[in-house]
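Welcome, and please load the model in your viewer before we set off. We will go from stop to stop, selecting one part at a time.

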Amino acid sequence: MDTLDKYLVKELLVYFVLILLGLSVLFLAVDFLTKFWSLGLPIEKVLTLYFYKIPEALRQFVPVACLMATLLVVSSLSKQNEVIALYASGISTFRMACTFVAAVAALSAITFVVFDPLVPLLEKKRQLLEKGIETQGNAYLEFNRDRFWYRSGKVIYNVGHFDPKNNNLEDINLFVLGSSGEISQRIRAEKATYLNSDWVIEHGFTTSYSNSPFPVVESFEEKKGLIPEKPSDYKTLEVQPETMRLKELRKFISRNRNYGLDTTRQQVSYHERISMVFTPIIFVLLGIGFALKPLKTQSVAKGVGFCFVIVFIYLILFRLTVSVGKEGHIPPFLAGWTPNLVFLLIASAMIWRRK
């Protein structure tokens, strides 16, 4: 790393840290003032809840901080005619862009390594605290709606999947215990539907062990009155992509696809999170392409305005493609990566014109 690189990286890091902290504090303060009275929690729990939100606030403003820091550094260089001096010394636009991209790529990688395990963990705790759920250990935090066991009185059952939207249980195995704790019946069914305050178990068979020397197997179309729980008992903490690390989300998608379940929404979230790792780099390229005008000066106000326009357009496009992707109208890959690809083309064209 030569003197120029050290100077540019130092200036970039100073602006990046200040902007990131400023935006995060402003966001949390506004969110706190607008939601404090509606939470209905004691002040100490509210402060704890917002403490859990800090890493997520920092992570979501990394791309914006990178863009604004780049604009301020490059605009300062242009205003002081340092860009002209660099060009006169044989330093090209591509050479300067490489320094910024390398620095931001390192920042993006560090933030991913730090926030990928931290944000889901605190998000789980935040959801539990917001719902007022008291837990012992990590049992509740690790609850999953796939392949979970449940015991209710003398019935122990295993559920392959719980669909909270349609109130369906799929791939069910129920074990009915006798008076001495032995298994008296096993009931295997394809699914159960919650109707009229009761679970209707459909399309299965019953294996009885107590009435004859050999197991007796009987098929059935419907059975009721075996599962006393309500759907709300399985909805206490809904498993969401935000509460999983990236590798956990990938395993979750793979497992559910093997069950034959629709994982479109989870796949979109997976590609969305990967693409966000590269968003700061693309924003930096946009900032360089806009600010590198050695024959003109760029005011701070114009740079900040450009930043807000870029972020606004990006967020609209990002939310649009993600929403369309989650509805299954475009492939998950395109839903997560289209905004980055579009802005990468724009940034490349802008930098090419500055060569």
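Start by selecting helix H3, residues 62–79. This helix has 18 residues and reaches 25 Å from its first C-alpha to its last, close to the 26 Å expected at 1.5 Å a residue. Keep in mind as you look around that this is a predicted model. Now switch on a surface: 15 of the 18 residues of H3 are buried, so this helix is largely enclosed by the rest of the structure. Just after the helix, pick Asn81, which follows H3 and has a positive phi near 60 degrees.

**Next stop: the largest pocket**

Keep H3 on screen and add H1 (3–39), H2 (43–60), H5 (93–131), H7 (264–291) and H8 (300–326). Each of these helices, H3 included, supplies at least two residues to the lining of the largest pocket. Which helix gives the most to this lining? That is H5, with 10 residues.

The pocket holds about 1,300 Å³ of space. To find its centre, select Glu56, Arg59, Gln60, Glu272 and Arg319, the closest to that point among the 43 residues that line the pocket. Then try colouring the lining by residue type: it divides into 24 nonpolar, 5 polar and 14 charged residues.

**On to the sheet**

Now hide the helices and show the strands. Here 6 strands form an open sheet, in the order S1-S2-S3-S4-S5-S6, with antiparallel pairing. Select S1 (146–152) and S6 (216–223) to see the edges: each has a single partner strand, so one side of each is left without a neighbour in the sheet. Look along the sheet as well, where neighbouring strands are turned by 20 degrees against each other on average, direction ignored. As background, strands of a sheet pair through backbone hydrogen bonds, either parallel or antiparallel.

**Walking in from the edge: S1 and S2**

Select S1 together with S2. These two strands pair in the antiparallel sense over 6 bridges. For one of the bridges, click Phe148 and then its partner in S2, Val159. The hairpin of S1 and S2 has 2 residues between the strands, and Gly153 there takes a positive phi near 65 degrees. Is S2 mostly covered or uncovered? Strand S2 is mostly covered, with 8 of its 9 residues buried.

**One strand further: S2 and S3**

Keep S2 (residues 155–163) and add S3 (residues 168–177), which pair in the antiparallel sense over 8 bridges. You can follow the pairing residue by residue. Val155 has Val176 of S3 as its bridge partner. Ile156 stands opposite Phe175, and Tyr157 stands opposite Leu174. While you step along, it helps to know that in a regular strand the side chains alternate between the two faces of the sheet.

The hairpin of S2 and S3 has 4 residues between the strands, and Asn167 in its turn has a positive phi of about 55 degrees. Now zoom in on Asp171, which lies in strand S3. Its phi is near 55 degrees, a positive value in a residue other than glycine. S3 is mostly covered too, with 8 of its 10 residues buried.

**Across to S4**

Add S4 (183–195) to the selection. How many bridges join S3 and S4? They pair in the antiparallel sense over 9 bridges. One example to click is Ile172, whose bridge partner in S4 is Ala189. The hairpin of S3 and S4 has 5 residues between the strands, and Gly181 there takes a positive phi near 90 degrees.

**Last stop: the loop after S4**

Finish by selecting Ser197, in the loop between S4 and S5 (198–208). Although this residue is not a glycine, its phi is positive, at about 65 degrees. Is Ser197 buried or exposed? With a relative accessible area of 62%, Ser197 is exposed, since anything over 50% counts as exposed.

Conventions
Residues are numbered from 1 along each chain as its sequence is written. This is a predicted model: local features need pLDDT of at least 70, side-chain atom pairs count only at pLDDT 80 or more; totals for chains, interfaces and linings use all residues. Side-chain values use heavy atoms; hydrogens and water are left out. Two strands pair if DSSP finds at least two bridges between them. Axes are lines fitted to C-alpha atoms, for helices over the stretch in contact, and angles run from 0 to 180 degrees between N-to-C directions. On a 1 Å grid over the protein atoms alone, a cavity is a set of points where a 1.4 Å probe fits but cannot get out, and a pocket is an open set with protein on both sides within 12 Å along at least five of seven lines; lining residues have an atom within 4 Å of a point. Grid points are joined across faces, edges and corners, and a volume is the space filled by probe spheres set on the points. Ala, Val, Leu, Ile, Met, Phe, Trp, Tyr, Cys and Pro count as nonpolar, Asp, Glu, Lys and Arg as charged, and the others, Gly among them, as polar. The expected span of a helix is 1.5 Å times one less than its number of residues. Buried means under 20% relative accessible area, exposed over 50%, partly exposed in between (1.4 Å probe, protein chains only).
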